[in-house]
Amino acid sequence: MELTPSSSTFQKMLAAARGSGLGVGLVPTMGALHAGHISLIERAREECDAVAVSLFVNPLQFGPAEDFDAYPRDLERDAEKAAQAGADCLFAPAAAEMFPDGPPATTVRVEALSSILEGAARPTHFEGVCTVVTKLLSLSGHCRAYFGEKDYQQLVIVRRLVADLSIDVVIVACPIVREPDGLALSSRNARLTPAEREVAPVLYRALSVGAEALSTGADGETAMGSVLATEPLVDADYAVVRDAETLGEPREGASLRLLVAARFGSVRLIDNLGVTGVETP
Ligand code: AMP
């Protein structure tokens with residue numbers, strides 16, 4: 001696997017791969033690779049001839065009070081994991097490589113979708129994500145880009161951004177990888193205290209109970225709220241049932257997505273679950 005911190009090398013490598021007729025896959029990450037990230041790389045490996053992983057802890061997507069400095073960084077370990085999972089190239093730029101003149105003058109914001117749910121709690125987050133994703137996709141050129149459903153709102157926003165700006169990239173959604181007790185893998189899980197870790201699977205329990213309620217015609221949001229309320233260590237932010245495509249109020253006949261966010265001490269976790277074959281309430 002080739003490791004490069006240079007955007008022009010990354011750009012040239014992918015262009016050369018395409019030039020030799022290879023299909024390119026891109027997996028954007030912030031590092032601290034775990035089995036969730038690995039599942040994306042392995043999927044790209046199955047579906048593409050050349051697989052690139054990007055590793056950039058994006059300063060633009062962290063709010064002033066968030067954990068940018070504390071975000072785990074271990075390039076050597078991540079490079080080993082990416083190579084083992086089948087990546088051909090790891091693009092790991094420094095912030096000064098991505099933004100040599102400091103924060104960029106041009107930013108990308110998907111209006112409406114960026115100020116609801118996660119955006120309500122983190123007002124500048126998605127603009128930071130979209131600006132960097134746009135830059136990564138411009139550098140990579142035509143490819144299949146793999147995103148996890150773990151960050152479901154991010155996935156919906158990236159799909160919208162790619163459609164609105166006619167970016168020549170196919171977005172591939174990958175299922176959430178979970179611990180055996182249901183907790184969705186996340187680099188933030190390592191920051192939970194043992195007591196918080198023990199109760200954290202309540203998020204998935206709430207989603208499952210919410211999905212079950214919907215299937216019997218009951219109110220999914222009430223059901224999720226009651227489960228979350230049983231755990232005193234959990235400070236729930238939202239537990240909602242939304243239209244899976246727009247994240248707005250469900251349209252007639254639309255697929256539904258249940259989404260939750262909660263704080264466990266200083267750690268904020270999110271999770272979500274799709275339901276199929278359920279009538280819109
Ligand atoms: P991050 O490094 O947190 O920016 O995540 C990089 C990509 O990995 C995003 O597309 C995430 O949605 C995806 N991802 C993170 N955790 C998981 C998980 N548990 N299962 C599947 N995909 C994940």
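**Entry 1: the sheet of 6 strands**

Two strands count as a pair if DSSP finds at least two bridges between them. I kept that rule in mind while reading this model, which is predicted.

I looked up the strand order first. An open sheet of 6 strands runs E1-E4-E3-E2-E5-E6. Its pairing is parallel. Next I asked which strands form the edges. They are E1 (2-4) and E6 (169-174), and each of these pairs on one side only. I also noted the twist: from one strand to the next it averages 25°.

Then I picked one pair to follow. E5 and E6 are joined over 6 bridges, in the parallel sense. Within this part of the sheet, Ala145 stands opposite Ile171 in E6.

I checked for a helix lying over these strands. Helix H6, residues 125-140, lies across E2, E3 (50-55), E4 (89-91), E5 and E6. H6 runs at about 155° to E2.

**Entry 2: the sheet of 3 strands**

I found another open sheet, with 3 strands in the order E7-E8-E9. Here the pairing is antiparallel. I reminded myself that strands of a sheet pair through backbone hydrogen bonds, and that the pairing may be parallel or antiparallel.

Why is one side of E7 and of E9 left without a neighbour in the sheet? E7 (234-243) and E9 (267-275) stand at the edges and have a single partner strand each, so one side of each stays free of a neighbour in the sheet. The twist in this sheet averages 15° from one strand to the next.

I followed E7 to its partner. E7 and E8 (residues 256-264) pair over 9 bridges, in the antiparallel sense. Ala236 stands opposite Ala262 in E8. Helix H10 (residues 220-229) packs on this sheet and touches E7 and E8. The direction of H10 makes about 165° with that of E7.

**Entry 3: the ligand**

I moved to the ligand and listed its surroundings. There are 17 residues around the ligand. Met30, His37, Gly148, Asp151 and Val177 come nearest.

What kinds of residue make up the shell around the ligand? I noted 9 nonpolar, 6 polar and 2 charged.

I then asked where the shell residues come from. Strand E2 (24-29), helix H2 (35-47) and strand E5 (143-148) each supply at least two of them. H2 gives the most, with 3 residues. I had already met E2 and E5 in the sheet of 6 strands.

Last, I read off polar distances. An oxygen atom of the ligand lies 2.9 Å from a polar backbone atom of Met30. A nitrogen atom of the ligand is 2.9 Å from a polar backbone atom of Val177. For Leu185, I again found a ligand nitrogen atom 2.9 Å from a polar backbone atom.

How much of the ligand does the protein bury? Taken alone, the ligand exposes 490 Å², and the protein buries 92% of that.

Technical notes. Residues are numbered from 1 along each chain as its sequence is written. This is a predicted model: local features need pLDDT of at least 70, side-chain atom pairs count only at pLDDT 80 or more; totals for chains, interfaces and linings use all residues. Side-chain values use heavy atoms; hydrogens and water are left out. A residue is near a molecule or strand if one of its heavy atoms lies within 4 Å of it. A polar contact is a pair of N or O atoms within 3.5 Å; within protein, one must be able to donate a hydrogen and the other to accept it, and residues adjacent in sequence count only if both atoms are side-chain atoms. Accessible areas come from the Shrake-Rupley method with a 1.4 Å probe; for residues, only the protein chains shown count as cover. Helices (H or I, at least four residues) and strands (E, at least two) are DSSP runs, numbered from the N terminus. Ala, Val, Leu, Ile, Met, Phe, Trp, Tyr, Cys and Pro count as nonpolar, Asp, Glu, Lys and Arg as charged, and the others, Gly among them, as polar. Axes are lines fitted to C-alpha atoms, for helices over the stretch in contact, and angles run from 0 to 180 degrees between N-to-C directions. Contact means heavy atoms within 4.5 Å.
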